[in-house]
Amino acid sequence: MDKFGKNQLWNWFKPFLLAVVLTAFFRNFVFLPMTIEGNSMMPTFQPNDQIIVKTIYHINRFDLIVFKDASNRTLVKRVIGLPNETLRYENDQLYINDKLVQEPFLENDFVKNVGGSWTSDFTLEELTGKIVVPKDEYFVLGDNRRSSNDSRYFGSVPASAIIGETSMIYFPFQRLSIVQ
């Protein structure tokens, strides 16, 4: 093979090599695939939904986060309380710093068909002994409030335990969607 042929081959190979390196980087460090286990996030996520987790994120109320709990299990929950906030549930209503906050993601047939109270009454202080969510921590709940192991049981989630944020189901294909 002459020098011209080697040059052409190298020019063709460089974009391929760059694509492989970028794919590996994004796949392992920026976007992580994950499979949902259990039903604590129904109807937002179903068991065996495959989701994309973004490892570069900024957390806001109602974001869906992925984190490791104290027993090293990977969980997905919804952020309800942010650092330095008080929170309580009263008559199935969320109050943050004594102001009523609507939870539009709970307005669905899954919740409506259950009947009765969806989220039992509690205050942050009753559950954790703390008046506000600690600095650099987040209070999280599963969307399926009646069947979720969440901050009501294990306390708030330290920012250092958060792996990332998710908002996309990519498989099964019939559920391909951006979720909120």
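## Starting from Leu-94

Let us begin with one residue and work outwards. Setting aside neighbours within four places in sequence, Leu-94 is in contact with Phe-62, Ile-80, Arg-88, Tyr-89, Lys-99, Leu-100, Val-101 and Glu-103. Keep in mind that this is a predicted model. Several of these partners return below, in the core, in the aromatic pairs and in the salt bridges.

Leu-94 also belongs to the largest nonpolar core, which has 16 residues. Within that core, the members that touch the most others are Phe-62, Ile-80, Leu-87, Tyr-89, Leu-94 and Phe-139. Strands β5, β6 and β9 are the elements that each give two or more residues to this core. As a general background, nonpolar side chains tend to be buried together in soluble globular proteins.

## The chain as a whole

Stepping back for a moment, the protein chain has 4 helices and 12 strands. It runs to 180 residues, of which 38% count as buried. Among contacts with a separation of 6 or more, 60% come from residues 24 or more positions apart. The pairs described next give some concrete cases to look for on screen.

## Aromatic pairs

How many aromatic pairs does the structure hold? There are 6 aromatic pairs. In one of them, the ring centres of Phe-62 and Phe-105 are 5.0 Å apart, and the pair is edge-to-face because the planes meet at 65°, above the 60 degrees that this class requires. The two residues come from distant parts of the chain, 43 residues apart: Phe-62 is in the loop between β2 (50-54) and β3 (64-68), while Phe-105 is in the loop between β7 (99-101) and α2 (109-112). Both rings belong to buried residues, with a relative accessible area of 18% for Phe-62 and 13% for Phe-105.

Tyr-89 and Phe-122 make another pair, this one tilted, with 5.3 Å from centre to centre and 40° between the planes. Tyr-89 sits in strand β5 (residues 87-90) and Phe-122 in strand β8 (residues 122-123), so their pairing ties together parts 33 residues apart in sequence. Tyr-89 and Phe-122 are both buried. Ring pairs also bring in Phe-139, giving a cluster of Tyr-89, Phe-122 and Phe-139. Two members of that cluster, Tyr-89 and Phe-139, are among the core residues that touch the most other members.

## Charges over rings

Two arginines are worth a look here. Arg-78 places its charged end over the ring of Phe-105, 3.8 Å from the ring centre. Phe-105 is thus found both in the edge-to-face pair with Phe-62 and beneath the charged end of Arg-78. The other case is Arg-88, whose charged end sits over the ring of Tyr-95 at 4.2 Å from its centre.

## Salt bridges

Side chains of opposite charge can pair when their charged atoms come close. The structure holds 8 salt bridges. One of them joins Arg-61 and Glu-85, with the closest N and O atoms 2.6 Å apart. Since Arg-61 lies in the loop between β2 and β3 and Glu-85 in the loop between β4 (74-81) and β5, the pair ties together parts 24 residues apart in sequence. Arg-61 is partly exposed at 22% relative accessible area, whereas Glu-85 is buried at 10%.

Which residues share salt-bridge partners in one network? Arg-88 meets Glu-90 at 3.2 Å, N to O, and Asp-98 at 2.7 Å. Arg-88 is in strand β5 and Asp-98 in the loop between β6 (93-96) and β7, so this second bridge ties together parts 10 residues apart in sequence. Asp-98 counts as exposed, at 61% relative accessibility, and Glu-90 is partly exposed, at 35%. Together, Arg-88, Glu-90 and Asp-98 form one network through shared partners.

## A buried aspartate

Asp-150 is in the loop between β9 (137-141) and α4 (151-154). Is Asp-150 buried or exposed? With a relative accessible area of 0%, Asp-150 is buried. The side chain of Asp-150 reaches the backbone nitrogen of Gly-142 at 3.2 Å. Not counting residues up to four places away in sequence, Asp-150 touches Lys-77, Val-140, Leu-141, Gly-142 and Gly-155.

How values were computed: Residues numbered from 1 in each chain as written. Predicted model: local features only at pLDDT ≥ 70, side-chain atom pairs only at ≥ 80, totals over all residues. Heavy atoms only, no water. Phe/Tyr/Trp six-rings, centres within 6.5 Å; stacked < 30°, edge-to-face > 60°. Buried < 20%, exposed > 50% of the residue type's maximum accessible area, 1.4 Å probe, protein only. Lys NZ or Arg CZ within 6 Å of the ring centre and 35° of its normal. Polar contact = N/O pair within 3.5 Å; in protein donor to acceptor, adjacent residues only side chain to side chain. Contact = heavy atoms within 4.5 Å. Salt bridge = Lys/Arg side-chain N within 4 Å of Asp/Glu carboxyl O. Core = buried A, V, L, I, M, F, W, Y, C linked by side-chain atoms within 4.5 Å.
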